[in-house]
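This report looks at two topics: the surroundings of the ligand, and the charged side chains that pair with one another.

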Amino acid sequence: MSTKEEVLSILQSNTSNFISGQELANMLYVTRASVWKAIKSLQADGYQIDAVTNKGYRLSPTFDPINIEDISQKINTSDRQIKVIYLDEVDSTNDHVRRLEGESHEDILLIAGCQTKGRGRRGRDFFSPKNTGLYMSLLLHTNSDTNNIPHITATTASAVAKAIDHVIFHDKDISKIKWVNDIYINKYKISGILTEAFSYMEDEDSSYIIIGIGINIFVPDNGFPKELKKIAGAIISDTKTSKDTNLENIRGRLSSRIINNIFYYKENQIECLEIYRNKSNLIGNYVQINDFKENHHKNYGKVVGIDNEYRLIIENDNGNRQALSSGEVSVVKY
Ligand code: BTN
């Protein structure tokens, strides 16, 4: 083995500790300068190695290289060829994939290491720091008939929730869906979905959709920003989950599973609806409706179900029911 390979192997088996340059040099019977050269070369290869003065080196514990060939192979969408692209940093994967579409007109899955301008619904930001989450956008060409955004969004929520249960929790029913498309674990939002549709100016019948998915896998080094602390969480937020989980290629395994689930549930809507209803963390709860169309006017009621169009059925105190197709609700004490 070369010094570089030996340094990598030592760092890989000690991800929880820093090892000083001198220690590495002693272990390998080489000079500190050759250790330094090996570290630089590994960093140039894309390995994320933390280097801290007076402590030494450590392979970042959340380091998870993306293997686009592996993801391409695992995605099985018989009738479509999806081009998989990985970039370390973009503004927003939804915005960037749209620019890429302008160049190639292909179906694309774009995954990014971080986003500098990650976007959420209703003009909110989506916090997307480096090496802690999966940030991706799937761009699919459709025709305007197949462009049913509420269905696509809800289908994606079922697909993401089931993929998380499968990849992280050994198929246990852990993740919950908050209508319309937020994924929760233990009362914290760990994932959001932003679906957008576009048509071509010159041909309004052909169009494409972009399904943007953000998942907080790890808690960021300095925690979530103050304004998100009460709401946001990460899938792996305790040592038990971290010990029980195979962290290797976690973003790769999650992304391919999500894409396959989206295509599967798209064709199996009855199953998808059942998952969506069973995973709902709203059914049976009393909620406040923030109906943005009605000037922030607030209504209250009990969620009694979700209909076949993924609308939330809410019953008010007079027994009147309404089906909500968009908006946001929050659980309140009754
Ligand atoms: C929300 O919770 O309101 C939706 C969040 C969607 C975030 C994802 S991250 C990947 C994609 N790119 C974006 O800019 N947003 C979506």
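## The shell around the ligand

β8 supplies four residues to the shell around the ligand, which is the largest share from any element. The model described here is a predicted one. The space that the ligand takes up is the largest pocket. The elements that contribute two or more residues to the shell are α5 (93-104), β5 (133-143), β8 (188-200) and β9 (203-216).

There are 19 residues around the ligand, and those that come nearest are S92, Q115, R119, R121 and K189.

## Polar contacts to the ligand

Two side chains are placed to meet polar atoms of the ligand: an N or O atom in the side chain of S92 is 2.7 Å from a ligand oxygen, and an N or O atom in the side chain of Q115 is 2.9 Å from a ligand nitrogen. With R121 the contact runs through the backbone, a polar atom of which is 2.7 Å from an oxygen atom of the ligand.

On its own the ligand has 420 Å² of accessible area, and the protein covers 98% of this.

## Salt bridges

Across the whole structure, a search finds 17 salt bridges. One of them pairs R99 with D91, whose closest N and O atoms are 2.9 Å apart. R99 is partly exposed, at a relative accessible area of 43%, and D91 also counts as partly exposed, at 23% relative accessibility.

Another salt bridge brings together the side chains of K176 and D173, with 3.4 Å from N to O. K176 has a relative accessible area of 26% and is partly exposed, while D173, with a relative accessible area of 48%, is likewise partly exposed; D173 falls in that class because exposed means over 50%.

## An exposed partner and a network

Is E267 buried or exposed? At 60% relative accessibility E267 counts as exposed, because the limit for that class is over 50%. E267 forms a salt bridge with K266, in which the closest N and O atoms are 3.6 Å apart, and K266 is partly exposed, with a relative accessible area of 41%.

Elsewhere among the salt bridges, shared partners join R121, R122, R124 and E328 into one network. R121 therefore appears in both parts of this report, since R121 is a member of that network and also has a polar backbone atom 2.7 Å from an oxygen atom of the ligand.

Methods. Residues numbered from 1 in each chain as written. Predicted model: local features only at pLDDT ≥ 70, side-chain atom pairs only at ≥ 80, totals over all residues. Heavy atoms only, no water. Salt bridge = Lys/Arg side-chain N within 4 Å of Asp/Glu carboxyl O. Buried < 20%, exposed > 50% of the residue type's maximum accessible area, 1.4 Å probe, protein only. Near = heavy atom within 4 Å. Polar contact = N/O pair within 3.5 Å; in protein donor to acceptor, adjacent residues only side chain to side chain. Areas by Shrake-Rupley, 256 points an atom, 1.4 Å probe, with all protein chains shown as cover. 1 Å grid on protein atoms, 1.4 Å probe; cavity = no way out; pocket = protein on both sides within 12 Å on 5 of 7 lines; lining within 4 Å. Sits in = over half its atoms within 2 Å of the grid points.
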